[in-house]
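Colleague: I am new to this structure and would appreciate a guided look. Could we go through it together?

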Amino acid sequence: KEAERIAKRNKKIEIIIIYIAFAVIAFIIVLNSVIIPNGKYNDAIALMDAGNIVEAYESLVALYGYKDSADKANSIYNKYKIEKIKAAKVGEYILFGAYEQDNNTSNGKEDIEWLVLEVKDGKALVISKYALDCKQYNTSYTDVTWETCTLRKWLNNDFINAAFSADEKAMIPTVTVSADKNPDYNTNPGNATQDQVFLLSITEANKYFSSDSARECKPTDYAVASGANSFSGNCLWWLRSPGYDRIDAAYVLNDGTIPKYGGIVDADSAAVRPALWIDLSN
């Protein structure tokens with residue numbers, strides 16, 4: 001009889017332990033799926049109402065669709081991008097504008113990622129993370145400079161209008177782009193220009209990138225479909241400096257090196273990596 005009582009008591013204890021375990025598990029589930037997310041959601045809404053857009057957006061995204069967090073995040077996405085740009089630091093990537101990149105036009109343009117190269121005087125100098133398109137430096141085989149080449153015209157007309165909204169274009173100042181010589185040759189680089197979008201020079205490509213590997217650049221699927229050659233996943237991309245003479249323009253090879261002689265201006269397999277300044281005060 002004593003053994004039976006002990007067995008019954010142990011059985012009751014086991015049942016109680018099981019109920020407690022289930023209760024603890026249920027509480028943990030409710031805690032993680034309701035209580036904590038709800039608190040984070042309320043904190044994110046408070047941040048949004050207070051105008052802390054960056055923190056609010058990132059907090060909402062981290063909720064992975066809890067309640068209407070995805071809709072709330074989408075509603076402040078454009079403001080988030082602008083605030084991220086204003087807080088940009090050298091070496092960081094920011095989103096600004098949109099351009100076809102995955103070569104699937106049915107899903108619209110993709111956000112352009114930009115690498116911040118320099119921040120000064122309330123402006124940030126940026127260059128696209130990926131080579132965005134494939135264009136000739138000049139559409140005919142003739143003596144040209146950055147000032148007179150067709151690629152400059154394309155960047156400051158077709159590209160800028162395709163990639164940026166009116167509000168975004170208002171954040172891109174027109175700046176003086178120097179006519180930098182090729183450091184290895186005395187080729188006349190032409191005159192300085194006034195541009196919103198431009199290419200880096202040889203000097204700038206060496207200044208802003210610390211190594212050959214840092215200059216390596218991958219083309220988008222759209223750039224490849226447009227003719228950009230891709231070697232080991234990287235592409236050639238144009239610089240604005242002249243090459244050996246004015247029928248050649250400088251470029252960066254797929255391994256990040258810069259051949260001093262450049263390539264013929266009407267070559268049709270080099271990619272385009274635009275650069276521009278963004279006014280952070282707007």
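Modeller: Certainly. Please note that this is a predicted model. A loop is a convenient place to begin: D121 sits in the one between β2 (110-120) and β3 (123-128).

Colleague: Is D121 buried or exposed?

Modeller: D121 counts as exposed, because its relative accessibility is 70% and the cut-off for exposed is over 50%. Its backbone also deserves attention: the phi angle of D121 is near 50°, a positive value in a residue that is not glycine.

Colleague: And what is the phi of S232?

Modeller: The phi of S232 is positive as well, at about 55°, and S232 is not a glycine either. S232 belongs to the loop between α9 (221-225) and β8. With a relative accessible area of 72%, S232 is exposed.

Colleague: Let us step back. How many helices and strands are there in the protein?

Modeller: The protein has nine helices and twelve strands. Its radius of gyration is 28 Å, whereas the globule rule gives 19 Å for 282 residues; the protein is therefore more spread out than a compact globule.

Colleague: What box do the C-alpha atoms fill?

Modeller: Along the principal axes, the box is roughly 110 × 40 × 35 Å.

Colleague: What share of the residues counts as buried?

Modeller: Of the 282 residues, 43% count as buried. As for contacts between residues at least 6 apart in sequence, 60% of them join residues at least 24 apart.

Colleague: Turning to the interior, which residues touch the most other members of the largest nonpolar core?

Modeller: Those are Y137 and F159, in a core of 61 residues. Helix α5 (residues 150-163) supplies the largest share of this core, namely six residues.

Colleague: Which residues is F159 in contact with, leaving aside its neighbours within four places in sequence?

Modeller: On that basis, F159 is in contact with Y99, I112, W114, L132, W154, F164, V197 and P274. Apart from this core lies another one, of 15 residues, which include A44, I53, Y57 and Y77.

Colleague: W114 interests me. Where does E92 lie, and which residues is E92 in contact with beyond its neighbours within four places in sequence?

Modeller: E92 lies in the loop between α4 (77-86) and β1 (93-99). Beyond those neighbours, E92 is in contact with A87, W114, L115 and V116. W114 thus appears among the contacts of E92 and among those of F159.

Colleague: Is E92 buried or exposed?

Modeller: Neither term applies: E92 is partly exposed, because its relative accessible area is 34%, and partly exposed covers the range between the cut-offs of 20% and 50%.

Colleague: How far apart are E92 and G243?

Modeller: They are 151 residues apart in sequence, and their C-alpha atoms are 31 Å apart in space.

Colleague: One last topic, cavities. How many cavities of 30 Å³ or more does the structure hold?

Modeller: The structure holds one cavity of that size. About 90 Å³ of space lies in the largest cavity. Its lining consists of 14 residues, and W146, P189, R240, S241 and P242 are the closest to its centre.

Colleague: Which element gives the largest share of that lining?

Modeller: Strand β8 (residues 237-242) does, with three residues. By class, the lining of the largest cavity has six nonpolar, five polar and three charged residues.

Technical notes: Residues are numbered from 1 along each chain as its sequence is written. This is a predicted model: local features need pLDDT of at least 70, side-chain atom pairs count only at pLDDT 80 or more; totals for chains, interfaces and linings use all residues. Side-chain values use heavy atoms; hydrogens and water are left out. A nonpolar core is a set of buried Ala, Val, Leu, Ile, Met, Phe, Trp, Tyr and Cys residues joined through side-chain atoms within 4.5 Å. Buried means under 20% relative accessible area, exposed over 50%, partly exposed in between (1.4 Å probe, protein chains only). Helices (H or I, at least four residues) and strands (E, at least two) are DSSP runs, numbered from the N terminus. Contact means heavy atoms within 4.5 Å. On a 1 Å grid over the protein atoms alone, a cavity is a set of points where a 1.4 Å probe fits but cannot get out, and a pocket is an open set with protein on both sides within 12 Å along at least five of seven lines; lining residues have an atom within 4 Å of a point. Grid points are joined across faces, edges and corners, and a volume is the space filled by probe spheres set on the points. Ala, Val, Leu, Ile, Met, Phe, Trp, Tyr, Cys and Pro count as nonpolar, Asp, Glu, Lys and Arg as charged, and the others, Gly among them, as polar. The radius of gyration is taken over C-alpha atoms; the globule rule is 2.2 Å times the number of residues to the power 0.38.
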